[in-house]
Amino acid sequence: MMTGAEWLAASLAASGQSHVFFVDAVLRPTLMALSRLGVKPVLAHTEKAAVYMADAYGRVGGRPGVVAAQSVGAANLAAGLQDAYLARSPVIALTGRKPHAAQHRNAYQEVAHAALFQPVTKFSAEVAEAAHLPRLLRQAWAAAVSVPVRPVHLDLHGLMAEVVEQGSVADPPADLSALAAPRFRGGPDPDAVAAAVAALVAAERVVIVAGDGAMLSGCGAEVLALAEALEAPVLTTLGARALVPTAHPRVAGVVGSYSAPPANRVLEQAGLVLLVGCDTGDQMTHGWRLPRAGVPILQVDADPLDFDRSFPATVALLGDPRAVLSEVLDQLGRPARDDAFAREAAALVAEWRASVAPRLASDALPIDPARLCAEITAALPPEGMLVADTGYSGIWTGTLIDLTTQGYQRAAGSLGWAFPAALGAKCAAPDRPVLCWSGDGAFHYHLAELETAKRLGIAVVCVVNNNRGFGQGWPNLRRAAGNDPAAAAELLRFGDHADFAAIARGFGLRGITVERPEDIAPALREALAASETVVLDVRTDIEARAPEPYTPTE
C-alpha cells in the first residue's frame, strides 16, 4: 500500500519524466518524492509560464509535460493551456480543488473548475480519492497522446491536492512510458489510397501542403519523396516549418497569413492540393482565400474531425500521415511527370530570395531584423532548436530564418510564450542548443523566469528583437492616427528605458546589448557557447517590415 503522493511520484518517474512544472502550493509531498526519484521539480513564477514550459516539454519530448497548481491558481493555469490546445501539444494539468463539502459555500478563492478547463482540454476529470488515481492517470495520459494530441486535466481533491496525496493506493506504480505522441499510427483504407493515387497521377500542378499533424507524425522524408515523384512544390504551415529543409529546391515556404509572397502564389496556381495534417484554419488559408474554390483537395489526417472542415475533400485518407504517405508512395511509383510547374514555383522562390538578399546583409541602423534572421541562420548549429513567439516573431522566423535539420517550435497564439517554452524545451532536450526569438513586447510577459533559468541552471539563448513597441501593428495604427506618430506611439510604443541585458545581469545571468549589425554574429557565438541563459538585447528598427503574404484578388 502506498500513499497517493508516493504512487503519483513513482508513476511519473517510471514513465520517463525528467521534469515537472508547477507553482506553489500544490502536491508538496509528491514533488519532494519526485526529487528523491531523480525527477526535477521546476518552480515557476506564474501558472501560465509553468504551462508554457510543460507545453514545449511535451512537444519536444513526445511524452506529456506535467504542470500543477493549487486550487487558487487553477484559473491561471487553464488560461495558459490555450496555446497547448491550439498547437495539439500533450500536457497533463494537475490542479487542487476543495472537496465536495466545501463546494457551493463561498469557499475562499474557489470557482468552478470544470467550466475553465472544458475549452482547452480534451479530457478533464475529478479525482476524489487516491484509489482513483491509477485509473484516471492512465486514462488522462492515453488521451493526451492519442490523436488529436491535446492537453488533459485532473482535478485532485484538496486545496493543494492533499486529500488525494494522503489517501491510499493499492495498485503498483504505473509505467506509461510506452504511451508517446502520436500513440497510434493507423494505416489508410486501401480504396482511398487507390483513389488518391489515381487523382495525383491524373492531375497537373499538384501542391503539397504539410501542417502540424505532419510535423507530429514526423513524415518529412515521405513528403519530400512524394514531392520528387510528383514534381510538386511543398508548402508548410508555420508549425511545420522544420518538417523539411527550408531551402530545399521543392520547398516554397510557409503558406497563409504568416508567409512570404511566393508560398501563397504557388498555392493559388495549384490544380490539385494534397493537404497532409493541416487544420485548414484561417492562418493556413489566409482567411480561407486559398486554395481557390473548386480545386480538388486530397486530405490526409489522423483526426477524422478535420476532414471537410473548411473545404470538401475529394478524397479523405484517414490515418497517421507517415503511414498514409508510405502507402501512397508504394502505389504511386515514379510516374512520368512534367516538371514545368515545379520550376515555376522554384523561380518564384528564387526571385523573392534575390529581392530580400540586400536586407539580409543590411548594415542599417537601427538594425533591420532581416539581418538578425540571416545571422541566426548562420549561427544555429544542426542540432539546435529555434523557439519563436507569436505575431511578428513568427513571421520573421518563419520566412527569413532557414533551417536544415534544426527543430522549430512556435507559439500557437499566446504572446510571451516563447521564453518559458524555451526553458521547457531545454528540459526535454538538455543536449541541444535552444535559441528563443522574442519581441520586446512578448519578453516583458515573463521576465521573472530569468530567475528560474538562473536557479536551475537552464541554459538557453534568448534573442530579444527590441524595437521598443509592438511592431506588427505599428504602420496600421500610425495610419489610423492620421500619420500622427505621437498619437500612435501613445498606444503602441514603449519607452527607451528597458535594458534587457541589464535586467538579465540583475538576475545573475549574462546580458549582451547589440546595437550594430556586425556585432550580432560574435554575440550569438558567445551566447551559444555559454553554459547559462544569455539574453541578447538586439536594438532593431520598428519601421522595418517583415515579409507580407501575397493576397489573391477576389
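Here are three short exercises on the cavities in this predicted model.

**Exercise 1. Taking stock**

Find how many cavities of 30 Å³ or more the structure holds, and how much space lies in the largest cavity.

*Solution.* Start with the count: four cavities reach 30 Å³ or more. Then turn to the largest cavity, where the space comes to about 130 Å³. For the second largest cavity, the volume is about 60 Å³.

**Exercise 2. Around the largest cavity**

Work out which residues lie nearest the centre of the largest cavity, which element gives the most to its lining, and how the lining residues divide by class.

*Solution.* First, look at the centre. The lining has 15 residues, and those nearest the centre are Arg241, Ala252, Gly253, Trp352 and Thr399.

Next, go to the elements. At least two lining residues come from each of β11 (251-254), α11 (261-268), α14 (340-360) and α16 (392-400). β11 is the top contributor, with four residues.

Finally, sort by class: eight lining residues are nonpolar, four are polar and three are charged.

**Exercise 3. Around the second largest cavity**

Identify the elements that give two or more residues to the lining of the second largest cavity, then state the class make-up of that lining.

*Solution.* Begin with the residues themselves: among those lining the second largest cavity are Leu12, Val20, Phe21, Leu31, Val66, Val67 and Leu94. Two or more lining residues come from each of β2 (19-23), α2 (28-36) and β4 (65-69).

Now check the classes. This lining has 10 nonpolar residues, one polar residue and no charged ones. Set beside it, the lining of the largest cavity includes three charged residues.

Methods
Residues numbered from 1 in each chain as written. Predicted model: local features only at pLDDT ≥ 70, side-chain atom pairs only at ≥ 80, totals over all residues. Heavy atoms only, no water. 1 Å grid on protein atoms, 1.4 Å probe; cavity = no way out; pocket = protein on both sides within 12 Å on 5 of 7 lines; lining within 4 Å. Points joined across faces, edges and corners; volume = space filled by probe spheres on them. Nonpolar A, V, L, I, M, F, W, Y, C, P; charged D, E, K, R; others polar.
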